[in-house]
Amino acid sequence: MLTIYPEEQTERDNYKLLIGSILPRPIAFITTLSAEGVLNAAPYSYFNIVSADPPMVSVSVQRKNGVRKDTSRNIMETGSFVVHISDEDYIEAINQTAANLPPDESEVDFAQLTSLPSAKIKVPGIAEAKIRMECILEQSFALGGTTPSCDLIIGRVVCFHIAEELVESGRIDAQRLKPVSRLAGNNYSKLGEIFSIDRPN
């Protein structure tokens with residue numbers, strides 16, 4: 001096996017090893033509101049569950065030269081955001097929102113997505129998503145040394161919105177959801193084959 005020490009290679013080299021190893025990664029499509037009221041949207045694949053009691057999710061938003069991205073800055077300023085689960089039906093539009101737009105332009109408008117009001121927070125959600133979670137900021141951490149390289153954001157889910165056709169006996173049908181996950185480079189993955197293994201007693 002190769003033995004590689006992170007401090008002996010560049011950030012991009014470490015990045016390639018991480019995104020090529022930790023996969024597939026679920027994609028959080030996140031909407032936020034700026035202090036000026038601009039609806040921002042962007043996809044993030046450094047995303048997962050933190051807790052079910054209370055329900056919490058985490059997302060790591062990378063900085064650029066130590067400067068926060070619109071998403072993390074908006075969350076810090078307003079204290080709320082919406083996480084949407086990415087699926088096959090609107091992944092092309094999600095990809096469009098990764099465009100590098102100025103803060104006063106909305107990626108939602110750019111990608112021709114449809115916004116709709118949330119139930120418990122001011123940040124709108126996206127109608128095209130089959131699952132969305134309204135979140136309030138639980139905690140945030142600037143990580144990466146004296147010049148932070150990312151913001152780790154933990155959000156508490158205060159409202160779930162789930163398409164009725166996905167839910168059966170309180171469980172979500174993954175095949176109907178058709179989730180999309182992130183691989184490396186420009187590659188994505190669909191759900192693929194599902195198999196079961198019984199857990200030991």
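Begin by selecting Y90, which counts as buried at 4% relative accessibility. The model on display is predicted, and each stop below concerns features computed from it.

**Stop 1: the aromatic pair**

With Y90 still selected, add F29. The two rings form an aromatic pair with an edge-to-face arrangement: the centres lie 6.1 Å apart and the planes meet at 75°. The number of aromatic pairs found in the model is one. Where do F29 and Y90 lie in the fold? F29 belongs to strand β2 (residues 28-33), while Y90 is in the loop between β6 (80-85) and α3 (91-96), so the pair ties together parts that are 61 residues apart in sequence. F29 has a relative accessible area of 0% and is therefore buried, given that the limit for this class is under 20%.

**Stop 2: helix α2 and S72**

Next, select residues 70-78, the extent of helix α2, and highlight S72 within this helix. Is S72 buried or exposed? S72 is buried, its relative accessible area being 0%. Leaving aside residues up to four places away in sequence, S72 touches V61, D151 and I153.

Now show the other buried residues of the helix. Together with S72, the buried set in α2 comprises D70, T71, N74 and I75. Which strands do the buried residues of α2 pack against? Their partners are β2, β3 (39-44), β5 (55-62), β6, β9 (131-143) and β10. Strand β2, among these partners, is the strand that holds F29 from the previous stop. Before leaving the helix, select G79, just after α2, where the backbone takes a positive phi of about 80°.

**Stop 3: strand β10 and a surface patch**

Follow strand β10, residues 150-162, as far as F160, which is located in this strand. Strand β10 is also one of the elements against which the buried residues of α2 pack. F160 itself has 47% relative accessibility and so counts as partly exposed; the partly exposed class lies between the limits of 20% and 50%.

Add I162, V167 and I172 to the selection. With F160, these residues form a nonpolar patch on the surface, and their accessible area together is about 330 Å².

**Stop 4: charges over rings**

Finish with two arginine–tyrosine arrangements. Select R12 and Y15: the charged end of R12 sits over the ring of Y15, at 4.1 Å from the ring centre. Then select R182 and Y188, where the charged end of R182 is placed over the Y188 ring, 4.7 Å from its centre.

Key:
Residues numbered from 1 in each chain as written. Predicted model: local features only at pLDDT ≥ 70, side-chain atom pairs only at ≥ 80, totals over all residues. Heavy atoms only, no water. Patch = residues over 30% accessible without salt bridge, like charges linked within 9 Å, V, L, I, M, F, W, Y side chains within 5 Å. Areas by Shrake-Rupley, 256 points an atom, 1.4 Å probe, with all protein chains shown as cover. Salt bridge = Lys/Arg side-chain N within 4 Å of Asp/Glu carboxyl O. Helix = DSSP H or I, 4+ residues; strand = E, 2+ residues; numbered from the N terminus. Buried < 20%, exposed > 50% of the residue type's maximum accessible area, 1.4 Å probe, protein only. Phe/Tyr/Trp six-rings, centres within 6.5 Å; stacked < 30°, edge-to-face > 60°. Lys NZ or Arg CZ within 6 Å of the ring centre and 35° of its normal. Contact = heavy atoms within 4.5 Å.
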